[in-house]
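Subject: A structure for you to look at

Hi there,

Here's the structure I promised to pass on. Open it up next to this email and have a look around, then read on for what turned up.

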Amino acid sequence: MNAYAHAINPQNILLDKVQEAMTLVFVQKYGAAANEGEQILPVHPSLSLLHSHIMSSAGKMNHAILDEAATLAQQLGGGGLVFCKSGKDRTAMHVTYKQAQFSNRYRNLHHGEATLQDATLMRIYGVRLPICEKNVGQAKYAFNALQVKFMPEALKPPMSVLKGFKLFGEGAIES
């Protein structure tokens with residue numbers, strides 16, 4: 001991705017250097033070993049946030065890596081897919097988050113809190129709940145308490161629109 005970003009937006013780097021980097025990527029992938037730690041191109045400015053997320057994650061789950069990679073892929077002309085068995089719950093969480101991100105980028109709001117607030121509003125009042133109702137007969141997202149507990153903050157649904165969110169006395173969860 002770094003070599004591709006440099007190829008379409010060179011940042012004062014000669015194109016033969018970009019070609020050399022792209023060749024190195026394919027050589028590494030298909031056989032020849034490269035010197036460890038050797039970086040042929042500097043990190044492209046548009047990839048610096050992704051690079052910092054990757055470097056700081058070190059063995060941890062970090063939703064920001066996937067989110068930033070998806071955003072960069074879209075900016076480089078790529079697309080994105082979300083796979084969900086029925087196309088309602090996980091899809092709704094991801095689509096509303098991406099819509100909120102796009103909306104806030106368009107309005108030049110670059111803080112995550114506004115994105116989360118907008119995503120929450122769309123999850124409650126937008127078109128995703130009627131899709132749930134059409135699919136399963138109830139305008140609720142089908143996540144249980146345990147699933148919600150382990151979801152990334154950006155993808156957590158509002159509690160008011162969750163189906164079957166009961167806790168028993170011993171901590172058992174019904175979904």
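Let's start with a place where two helices touch. On the H5 side you'll find Ala92, Met93, Thr96, Tyr97, Gln99, Ala100, Gln101 and Asn104, and they meet Ala114, Thr115, Leu116, Asp118, Ala119, Met122 and Arg123 of H6. One thing to keep in mind as you click through these residues: this is a predicted model.

How do the axes of H5 and H6 cross? They come within 8 Å, at an angle of roughly 130°. Angles over 145 degrees would count as roughly antiparallel, and 65 to 115 as roughly perpendicular, so H5 and H6 end up as oblique to each other. Their crossing is right-handed.

Now zoom out for a moment. How many helices and strands does the protein have? It has eight helices and two strands. If you walk along the sequence, the order is α-α-α-α-α-α-α-α-β-β, so try tracing that on your screen.

A second helix pair deserves a look too. Helix H3 covers residues 48–57, and it packs against H4 at about 160°, with the two axes 9 Å apart. Because angles over 145 degrees count this way, H3 and H4 are roughly antiparallel to each other. The crossing of H3 and H4 is left-handed. From H3, the contact uses Leu49, Leu50, His53, Ile54 and Ser57, while H4 brings Ala64, Ile65, Glu68, Ala69 and Leu72.

Next up, salt bridges. The count comes to three, and here they are.

First, Asp67 and Lys98. Their side chains meet with N and O 2.9 Å apart. This pair ties together distant parts of the chain, since Asp67 sits in helix H4 (residues 63–75) and Lys98 in helix H5 (residues 89–106), 31 residues apart. Is Asp67 buried or exposed? Its relative accessibility is 11%, and anything under 20% counts as buried, so Asp67 is buried.

Then there's Arg107 with Asp118, where the N to O distance is 2.5 Å. This pair also links distant parts of the chain: Arg107 lies in the loop between H5 and helix H6 (112–125), and Asp118 is in H6, eleven residues away. Arg107 is partly exposed, at 41% relative accessible area, whereas Asp118 is buried, at 19%. You may remember Asp118 from the start of this email, as one of the H6 residues that meet H5.

The remaining pair is Lys156 and Glu153, with their closest N and O atoms 3.5 Å apart. Lys156 is partly exposed, with a relative accessible area of 24%. Glu153, by contrast, is exposed, at 55%.

Finally, some figures for the whole thing. The protein has 175 residues, and 27% of them count as buried. Its exposed surface comes to about 11,700 Å², of which carbon and sulfur atoms supply 58%. And if you take the contacts with a separation of 6 or more, 51% of them are between residues 24 or more positions apart.

If you'd like somewhere to begin, pick out Asp67 and Lys98 and follow the salt bridge from H4 to H5. After that, go back to where H5 and H6 cross.

Have fun with it!

Definitions and conventions. Residues are numbered from 1 along each chain as its sequence is written. This is a predicted model: local features need pLDDT of at least 70, side-chain atom pairs count only at pLDDT 80 or more; totals for chains, interfaces and linings use all residues. Side-chain values use heavy atoms; hydrogens and water are left out. Helices (H or I, at least four residues) and strands (E, at least two) are DSSP runs, numbered from the N terminus. Buried means under 20% relative accessible area, exposed over 50%, partly exposed in between (1.4 Å probe, protein chains only). Contact means heavy atoms within 4.5 Å. Accessible areas come from the Shrake-Rupley method with a 1.4 Å probe; for residues, only the protein chains shown count as cover. A salt bridge is a side-chain nitrogen of Lys or Arg within 4 Å of a carboxyl oxygen of Asp or Glu. Axes are lines fitted to C-alpha atoms, for helices over the stretch in contact, and angles run from 0 to 180 degrees between N-to-C directions. Angles under 35 degrees count as roughly parallel, over 145 as roughly antiparallel, 65 to 115 as roughly perpendicular and the rest as oblique. A crossing is left-handed if the near helix is turned anticlockwise from the far one by less than a right angle, and right-handed if clockwise.
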